[in-house]
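This briefing concerns one protein chain, shown below. Please keep the coordinates at hand while reading the points that follow.

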Amino acid sequence: MTEASQQDLFSSLIDDLASQGWSQRALFAPQILTRELAAECRKRAHDGELNPASVGRGSTQQVQEGIRGDRIQWLEPGQSEASDRYLQLMDELRQALNQTLFLGLEDFECHFACYEPGAFYLRHLDRFRDDDRRTVSAVFYLNEDWQAEHGGALRLYLNDGREHDVLPQAGTLALFLSGEMPHEVLPATRERLSLTGWFRRRGNDVL
């Protein structure tokens with residue numbers, strides 16, 4: 001992807017986010033990077049490095065498979081070349097978001113997520129009640145040849161009362177406002193892989 005085409009892609013994502021609170025774009029990253037990230041996620045899962053995800057924060061965290069059933073591992077710089085390239089790409093998007101929307105985003109955190117067949121995540125918001133740092137959610141999908149009949153859509157509950165389903169097809173990025181867009185992950189008939197992350201601003205305590 002050339003620098004100009006990347007900036008066009010960023011601009012379309014940001015325009016959507018500003019006008020409707022969410023955006024969806026295919027082929028967000030080079031295909032080879034998407035495949036390398038999928039292979040890395042599967043390797044981490046095979047090696048037992050992905051752990052059941054919890055709900056809540058701090059001392060209230062607990063695994064509740066009746067609410068969410070994914071297994072995750074957080075990305076850290078230096079873990080792999082593919083992960084570092086993805087983190088760099090998202091940092092470039094963070095800078096573009098700040099330059100255009102003046103969101104004051106300071107960092108980006110993300111994790112691999114693996115949903116086994118039948119796993120789901122019930123309707124929720126990404127922003128915690130006692131921590132308002134998560135500002136923009138970003139989900140990047142790693143599943144080649146995904147078909148609608150496989151299920152596993154990210155269902156966004158839009159402000160006008162409509163629902164919008166994003167199929168987890170490899171290369172697709174879904175972007176939405178963390179504190180304003182309720183969403184859920186529907187169960188699938190096959191393994192479902194993604195990178196789920198959040199652009200964060202400096203926090204204000206809201207307790």
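The notes below cover a sheet, aromatic contacts, charges over rings and backbone angles. The structure is a predicted model. It contains an open sheet of four strands, and the count of aromatic pairs comes to five.

**The four-stranded sheet**

- The strands of the open sheet follow the order E5-E10-E7-E8, and their pairing is antiparallel.
- Strand E5 (121-124) and strand E8 (163-166) are the edge strands, each of which pairs on one side only.
- On average, neighbouring strands of this sheet are turned by 15° against each other, with direction ignored.
- Three bridges join strand E7 (residues 154-157) to strand E10 (residues 183-185) in the antiparallel sense.
- Leu 156 has His 183 in E10 as its bridge partner.

**Aromatic pairs**

- Five aromatic pairs are counted in the model.
- One of them is the tilted pair of Trp 74 and Trp 198, at 6.1 Å centre to centre with 45° between the planes.
- Trp 74 belongs to strand E3 (residues 71-74) and Trp 198 to strand E11 (residues 192-201), so this pair ties together parts that are 124 residues apart in sequence.
- Trp 74 is partly exposed, with a relative accessible area of 34%, whereas Trp 198 is buried, with a value of 5%.
- Phe 108 and Phe 199 also form a tilted pair, with 4.6 Å centre to centre and 40° between the planes.
- This pair links distant parts of the chain, as Phe 108 lies in strand E4 (residues 105-115) and Phe 199 in strand E11, 91 residues apart.
- Phe 108 and Phe 199 are both buried.
- A cluster linked by ring pairs is made up of Phe 10, Phe 28, Tyr 86 and Phe 140.

**Charges over rings**

- Arg 123 places its charged end over the ring of Tyr 157, 4.0 Å from the ring centre.
- Over the face of Tyr 115 lies Arg 192, at 5.1 Å from the ring centre.

**Positive phi outside glycine**

- Leu 27, a residue other than glycine, has a positive phi near 55°.
- Leu 27 is located in the loop between strand E1 (22-25) and helix H2 (31-46).
- The relative accessible area of Leu 27 is 64%, so this residue is classed as exposed, the cut-off being over 50%.
- Asp 145, likewise not a glycine, has a positive phi of about 60°.
- Asp 145 is found in the loop between strand E6 (134-141) and E7.
- Asp 145 is exposed, with a relative accessible area of 58%.

Definitions and conventions. Residues are numbered from 1 along each chain as its sequence is written. This is a predicted model: local features need pLDDT of at least 70, side-chain atom pairs count only at pLDDT 80 or more; totals for chains, interfaces and linings use all residues. Side-chain values use heavy atoms; hydrogens and water are left out. Two strands pair if DSSP finds at least two bridges between them. Helices (H or I, at least four residues) and strands (E, at least two) are DSSP runs, numbered from the N terminus. Axes are lines fitted to C-alpha atoms, for helices over the stretch in contact, and angles run from 0 to 180 degrees between N-to-C directions. Buried means under 20% relative accessible area, exposed over 50%, partly exposed in between (1.4 Å probe, protein chains only). Rings of Phe, Tyr and Trp (its six-membered ring) pair if their centres lie within 6.5 Å; planes under 30 degrees apart count as stacked, over 60 as edge-to-face and the rest as tilted. A charge sits over a ring if NZ of Lys or CZ of Arg is within 6 Å of the ring centre and within 35 degrees of the ring normal.
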